[in-house]
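Here is my note on the model, point by point. Please keep the sequence and the structure open as you read.

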Amino acid sequence: MNILDYLGSLFGYIIFFGYKISGVYVVGILLFTIAVRLVMLPSSLKQQKTSAKQARLAPKIKELQEMYKNNPQKMQEEQQKLYARENANPMSGCLPLLIQFPVIIGLYSAITKPLMCVLHMSVDKVNAALQLVGLDKAGYGQLDFISKFASLREQVVASNIFDATEIAELDGLANGAFNLFGINLLGTPSFSNISMLILIPILCFVSSMAMSLIMNKTSAQQQTGGGCMKWGMPIFMSVFSTAIAFSVPGAVGLYWIFSNLASILQTVIMNKYYNMWIMNAQEEAARYARRENEESAMLAKFGSVNIRAAFESLRKANEAAAQQEEKKPAEKAKAPAEKSAPYGNDKVIKTGNAARAGQTAQKKKK
């Protein structure tokens, strides 16, 4: 087994449980979908909080972009500082999307290799049985084996590859376990061979677009720009999922439909209790509480000192100092004028005294 088969085998336990309690493989896929959503719920909540923070910080980021539009490096530094102050990480919203890929790949192994991953038969037995009936060990060989098991049963039983319990499990899978309302989920949809199975990719596209509409309507971070970002990606993902549904067995496409429906339900519930306004209000309340705690800690540290009054006094003192600084230039401008006035008066007095002294001397000569 490779690593993907081990992952598929792990997922297979959930599918096997749903299959055993219902006798229908679809129930196992549905239980698997619910289990995946529950496991991803914490990361989905984190993604929702990240989107709310991004929406709240969007005006500040726009201001930084305008302020440092000629200095991209400085703009990046200031944005990182803003994210650090607000405890926001714009990349954390990518985690749920990254988790989806190994889940899809593991589920693909669990569905295309049900003998090994769901019934947990040994690799040697499965390969021997496929070689016996001339089927490919890779690809959809195990699905072909199950779909043709009714005609191959006597040959397989005679080979003694499987014991009686394993033969009974194979009978269960071959007798309608992969049927859903008459649709054979072991088959692959195709335009060349139109059947009810083509409903799977059609429902994949419809459910994917419905999910995108709900998310665009209720998402905390609305795309206010052009329609490319708002609708381009949803349409691309819908077409992409539909194309995949045309290339894999119907059971894999059915999981995609269940996953889209679960995402719609989760989005509606989360936006009712964890929308942008509620989260931002909680963030502001938490910030106010932290400020109150800091003030309480300062009061406890400095005793009966009124911190707010001290800050107010400091503010008034700073204002008074600023006013004094503003008055100094005016006082300096007046200083030369005041000094020149006394100097001019002294000169006038001295000149007058000299004139009177000259007049007295002339009188004495006469």
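1. Does N160 count as buried or exposed? At 64% relative accessibility, N160 counts as exposed. The cut-offs: buried means under 20% relative accessible area, exposed over 50%, and partly exposed in between, with a 1.4 Å probe and protein chains only. N160 lies in the loop between α8 (149-159) and α9 (164-177). Its phi is positive, about 60 degrees, although N160 is not a glycine.

2. Ground rules. This is a predicted model, in which local features need pLDDT of at least 70 and side-chain atom pairs count only at pLDDT 80 or more, while totals for chains, interfaces and linings use all residues. Residues are numbered from 1 along each chain as its sequence is written, and side-chain values use heavy atoms, with hydrogens and water left out.

3. Overall make-up. The protein chain has 14 helices and two strands. Helices (H or I, at least four residues) and strands (E, at least two) are DSSP runs, numbered from the N terminus. Of the 366 residues in the protein chain, 34% are buried. The accessible surface is about 22,800 Å², and carbon and sulfur atoms account for 62% of it. These areas come from the Shrake-Rupley method with a 1.4 Å probe; for residues, only the protein chains shown count as cover.

4. Contacts along the chain. Contact means heavy atoms within 4.5 Å. Take the contacts between residues at least 6 apart in sequence: 71% of them join residues at least 24 apart.

5. A second positive phi. H120 is not a glycine, yet its phi is positive, about 55 degrees. Most residues other than glycine have a negative phi. H120 sits in the loop between α5 (114-117) and α6 (123-133). H120 counts as partly exposed because its relative accessible area is 27%.

6. Helix α1. How far apart are the end C-alpha atoms of α1? They are 29 Å apart, which agrees with the 28 Å that the 20 residues of α1 (residues 3-22) should span at 1.5 Å a residue. The expected span is 1.5 Å times one less than the number of residues. There is also a kink of about 30 degrees, centred on G12. The bend at a residue is the angle between axes fitted to the seven residues ending there and the seven starting there. After α1 comes G23, with a positive phi near 80 degrees.

7. The buried side of the list for α1. G12, the centre of the kink, is one of the buried residues of α1. The others are D5, G8, S9, F11, I15, G18 and Y19. An α-helix has 3.6 residues a turn, so residues three or four places apart point the same way.

8. Aromatic rings. Rings of Phe, Tyr and Trp (its six-membered ring) pair if their centres lie within 6.5 Å; planes under 30 degrees apart count as stacked, over 60 as edge-to-face and the rest as tilted. By this rule there are six aromatic pairs. Y19 and Y25 make a tilted pair, 6.2 Å centre to centre with 55 degrees between the planes. Both Y19 and Y25 are buried. They belong to one aromatic cluster with F16 and F178.

9. Cysteines. How many disulfides does a search of the whole structure find? Zero. A disulfide here is a pair of cysteine sulfur atoms within 2.5 Å. C117 is buried, with a relative accessible area of 0%. C204 is also at 0% relative accessibility, so C204 counts as buried.

10. Helix α12. Q266 is found in α12 (residues 250-273). Q266 is buried because its relative accessible area is 15%. Leaving aside residues up to four places away in sequence, Q266 touches R37, L41 and S44. T267 lies in α12 too, and at 13% relative accessibility T267 counts as buried. T267 and Q48 are 219 residues apart in sequence and 9.3 Å apart in space, C-alpha to C-alpha.

11. Helix α10. I202 is placed in α10 (residues 199-218), and L203 is found in α10 as well. I202 counts as partly exposed at 42% relative accessibility; L203 counts as partly exposed at 43%. L203 and I257 are 54 residues apart in sequence and 6.7 Å apart in space, C-alpha to C-alpha. For I202 and I257, the C-alpha atoms are 9.8 Å apart, with the two positions 55 residues apart in sequence terms.
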